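Me: Got a structure open here and a few quick things to ask. Mind going through them with me?

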Amino acid sequence: MFPVTIICEGSSENAYLQSLNRILRCTNYSWDVGPFIPRVAHQGYYGSVIAKLKEEQQRNRKSTFHVWVDRDIYIRNTKNSQTNYQQKPKNIPNFFFSTMNFEDFLMLHCEDSLMDKWIAICVQHQHFNTPMTDADYMPLYRLLLPDYKKGELPFDLTKDRVTLMLDRLKRPKNPFANDFGMFLSTALTNGKIEFIA
């Protein structure tokens with residue numbers, strides 16, 4: 001096993017990765033990658049995550065590093081994030097993107113009725129063309145998951161919820177792409193991570 005450090009945008013991704021590690025520990029897992037070590041950049045802007053990445057690379061040269069951020073910032077090119085990402089040096093890993101944000105990724109873990117309602121809200125607000133900002137989407141999101149707070153998961157993350165998310169990512173009409181989820185799916189498929197009941 002070798003550690004995988006994930007430079008993540010915020011505390012919600014941190015909570016998710018910590019819960020995922022717990023699942024892998026508690027299900028008699030067998031894996032060649034991990035544990036996942038989240039390191040929070042507190043912003044998803046290119047400059048912020050690169051600064052955190054370089055800081056963590058100096059601290060731990062034995063880890064493998066990935067960056068997980070929301071795509072909405074890059075679509076808007078906030079603080080030239082997309083421009084800088086397109087010009088990144090070869091030694092910077094390709095980022096894992098959540099389309100459009102982490103809350104969309106969380107919805108992949110929820111029951112069909114909840115996810116369908118969120119998709120309808122996103123379509124109504126043209127979220128897939130012009131991503132909503134958190135000021136716009138958080139009140140709408142809390143209509144479906146009223147107890148959700150940034151930095152906390154709105155549900156207990158379980159093996160079944162992770163399996164549901166992985167299955168949904170493989171569906172061709174799924175609107176919420178997620179590169180970290182696909183990385184996890186590939187690791188599972190290749191036998192690097194195995195859930196054992």
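Me: Where is N77?

Reply: N77 sits in the loop between α3 (71-76) and α4 (81-86). Keep in mind that this is a predicted model.

Me: What is phi for N77?

Reply: About 60 degrees, so positive, although N77 is not a glycine. N77 is partly exposed, because its relative accessible area is 27%, and the partly exposed class lies between 20% and 50%.

Me: And H42, what's its phi, and where does it sit?

Reply: Phi of H42 is near 70 degrees, a positive value in a residue other than glycine. H42 belongs to the loop between β3 and α2.

Me: Is H42 buried or exposed?

Reply: Exposed. The relative accessible area of H42 is 65%, and the cut-off for exposed is over 50%.

Me: Next, the backbone. Is the peptide bond from T99 to M100 cis or trans?

Reply: It is cis, with omega near -5 degrees. M100 is in the loop between β5 (96-98) and α5.

Me: Switching to the interior. Which residues touch the most other members of the largest nonpolar core?

Reply: Y16 and W118 do, in a core of 43 residues.

Me: Which elements give two or more residues to this core?

Reply: On the strand side, β1 (2-8) and β3 (33-40). On the helix side, α1 (11-26), α5 (102-107), α6 (112-124), α7 (134-144), α8 (159-169) and α9 (179-189). The largest share, six residues, comes from α1.

Me: What does W118 contact, leaving aside neighbours within four places in sequence?

Reply: W118 is in contact with D104, M107, M132, Y137, L140, Y141, L144 and F176.

Me: What lies apart from that largest core?

Reply: Another core, of 15 residues. I7, V49, L53 and I92 are among them.

Me: Any general background on why nonpolar side chains end up together?

Reply: In soluble globular proteins, nonpolar side chains tend to be buried together.

Me: Helix packing now. At what angle do α1 and α8 cross?

Reply: Roughly 115 degrees, and their axes come within 10 Å. The two helices are therefore roughly perpendicular to each other. α1 passes α8 in a left-handed crossing.

Me: Which residues make the contact?

Reply: From α1, Y16, L20 and I23. From α8, K159, V162 and M165. By class, the contact of α1 with α8 has five nonpolar residues, one charged and no polar.

Me: How do α8 and α9 pack?

Reply: At an angle of about 100 degrees, with their axes 10 Å apart. That makes α8 roughly perpendicular to α9.

Me: Who makes that contact, by residue?

Reply: α8 brings V162, M165, L166 and L169. α9 brings G181, M182, L184, S185 and L188. The class count for α8 with α9 is seven nonpolar, two polar and no charged.

Me: M165 keeps coming up. Is M165 buried or exposed?

Reply: Buried, with a relative accessible area of 0%. M165 is found in helix α8.

Me: What does M165 touch, not counting residues up to four places away?

Reply: Y16, F105, L108, H109, G181 and L184.

Me: L108 is on that list. What separates the C-alpha atoms of M165 and L108?

Reply: They are separated by 4.9 Å, with the two residues 57 apart along the chain.

Me: Last topic, E56. Which helix is E56 in?

Reply: E56 is in helix α2 (residues 46-59).

Me: Is E56 buried or exposed?

Reply: Buried. The relative accessible area of E56 is 4%, and buried means under 20%.

Me: What is E56 in contact with, outside its neighbours within four places?

Reply: I7, R39 and F65. I7 also belongs to the core of 15 residues.

Me: And what separates the C-alpha atoms of E56 and M107?

Reply: They are separated by 30 Å, and the residues are 51 apart along the chain. M107 is one of the residues in contact with W118.

Conventions: Residues numbered from 1 in each chain as written. Predicted model: local features only at pLDDT ≥ 70, side-chain atom pairs only at ≥ 80, totals over all residues. Heavy atoms only, no water. Core = buried A, V, L, I, M, F, W, Y, C linked by side-chain atoms within 4.5 Å. Buried < 20%, exposed > 50% of the residue type's maximum accessible area, 1.4 Å probe, protein only. Helix = DSSP H or I, 4+ residues; strand = E, 2+ residues; numbered from the N terminus. Contact = heavy atoms within 4.5 Å. Axes fitted to C-alpha atoms, helices over the stretch in contact; angles between N-to-C directions. Parallel < 35°, antiparallel > 145°, perpendicular 65-115°, else oblique. Left-handed = near helix turned anticlockwise from the far one by under 90°. Nonpolar A, V, L, I, M, F, W, Y, C, P; charged D, E, K, R; others polar.
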